[in-house]
Amino acid sequence: MRTYPEYLEELLDFLRIPSISTLTEHAQDLKSAADWVATRIRGADIQNVEVFSVDGGHPLVYAERLDNPGAPTVLMYGHYDVQPVDPVEEWDTPPFEPTLREGRIYARGSSDDKGQLATHLFALRDLSRVWGPRWPVNVKLIIEGEEESGGASIEKWALQNADRLAADCALISDTAFLKPGLPSMDYGLRGIAYAELEVQGPGRDLHSGLYGGGVLNPLSALARIIDRLLDLESGRILVPGFYDGVIPVSGLDRDQAARVPFDSGRFLEQSGSPALWGEQGYSVYERITARPSLDVNGLWGGFQGQGAKTVIPSRAGAKVSMRLVPDQDPDDLLRKLEDYVTDLAPEGVTVACRTIHKARGVLMDPSNPFMEAAAGALEEVFGKAPVFTRCGASIPISTIFHVNLGMPVLFMGFGLPDDGLHSPNEKMDISQFYGGIEAVKKLLGRLARFTAGRPIK
Ligand SMILES: [Zn+2]
């Protein structure tokens, strides 16, 4: 495989910037990281670069080079922010002093996502030297600094600037191979609808000796509501109309799933749970990728301290998230949840249901020509055709690209499962970094043979 040692050196500089987006004391580092990105984009001979902030958030970098109206346009996404590093004592080498050991780059952000984002920037720089004054592919880049802190800048800006972002496909490198030597591409992602329930009973906390038996305890009411969200025997979600719109698991899903080396025994072992659980009639892999789920993520109310406090709390609450599959509509489901919990609330309490966040799921046809081009590029570089997978998690920006802006999203991730994202000793294999640069170049080379939006046969 071709190597790019000079790009590796540059990546190490990027990794030295502690761009932790959730900690306000790093605001200046986020600016530096955004500048690093903007400089590399200019270095790839893309001069139309803007760095700006939405509502005081961390900088967004937008750039474009549109030489050729007849050529396809690719929208490349990445994030330059990283997760916090604690527990820092568990790192073998300091998280922002990137260290090369055994063919790997150890540093916070090496795999998520600086190392992967950098593959795009370096691939473009190489291609700019080959392509000359008139590029055969139009390129747009949108790079954010709030991915790890749940910031909404990019989503807000993308929805307001849908025309500027219009493209034939989006490219995201922020995922991983299934195992070394086996690339994968997501063709589906679950959506999410996250709500907070609050049950209100007495006007203040009450003495359970003086009021117990005379008023309803909001915690008991909440327990009833929670109990009726899920049928633990069938694994079905009991919110009326919850499954409306669910696209059933298809023959294509089953064919693709058969190629995924998913081992439910290993899954159980990794979970540490005593047994598997879930919706009857579906495999574990289907349950966690192609079927919706509902989880209570937190419960609060009453006395949590040591010893006994005889109290009837005035309020109790729960965080409830639903992982959705296409074509479930998060707004519709949040309304159904609200109606249902309101109906379930016994007399003596009121219940409020607030939305925290939401995103629709994504489901694409893996045989669309852009995904085929990406799959071909991965196979050319890594020697094996990618497996098409559905992912149980949500990537809200991909929902915007696919659902709102109507383009296929190419999840061409170069991480490996043991990269330790968000954990101490995060790493990226140098060979994955080099292969990533090569694969992005091959993909763009293949797209250069497409006319706008359509492959040339
Ligand atoms: Zn990431």
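Visitor: What space lies in the second largest pocket, and what makes a set of points a pocket?
Guide: About 510 Å³ lies there, as the space filled by probe spheres set on grid points joined across faces, edges and corners. On a 1 Å grid over the protein atoms alone, a pocket is an open set with protein on both sides within 12 Å along at least five of seven lines; lining residues have an atom within 4 Å of a point. The model is predicted: local features need pLDDT of at least 70 and side-chain atom pairs 80 or more, while totals for chains, interfaces and linings use all residues. Numbering runs from 1 along each chain as its sequence is written, and side-chain values use heavy atoms, without hydrogens and water.

Visitor: Which residues form the lining, and which element gives the most?
Guide: Of 26 lining residues, Trp-277, Gly-278, Ile-288, Ser-293 and Asp-295 lie nearest the centre. Strand S13 gives the most, 5 residues.

Visitor: Why is the site of the zinc ion called irregular?
Guide: Its donors (N, O and S atoms within 2.8 Å of the metal, 3.2 Å for Na, K and Ca) are His-79 (NE2), Asp-112 (OD) and Asp-174 (OD), the last listed twice, at 1.9 to 2.5 Å. The angles among the 4 donor atoms are 52 to 146 degrees. Tetrahedral needs all angles between 85 and 135 degrees, and square planar needs opposite donors over 155 degrees apart and all others between 65 and 115, so the site is irregular.

Visitor: How do you know whether Asp-112 and Asp-174 are buried or exposed?
Guide: Both are buried, that is, under 20% relative accessible area (exposed is over 50%, partly exposed in between; 1.4 Å probe, protein chains only).

Notes: Tetrahedral: all angles 85-135°; square planar, octahedral: opposite > 155°, others 65-115°. 1 Å grid on protein atoms, 1.4 Å probe; cavity = no way out; pocket = protein on both sides within 12 Å on 5 of 7 lines; lining within 4 Å. Helix = DSSP H or I, 4+ residues; strand = E, 2+ residues; numbered from the N terminus.
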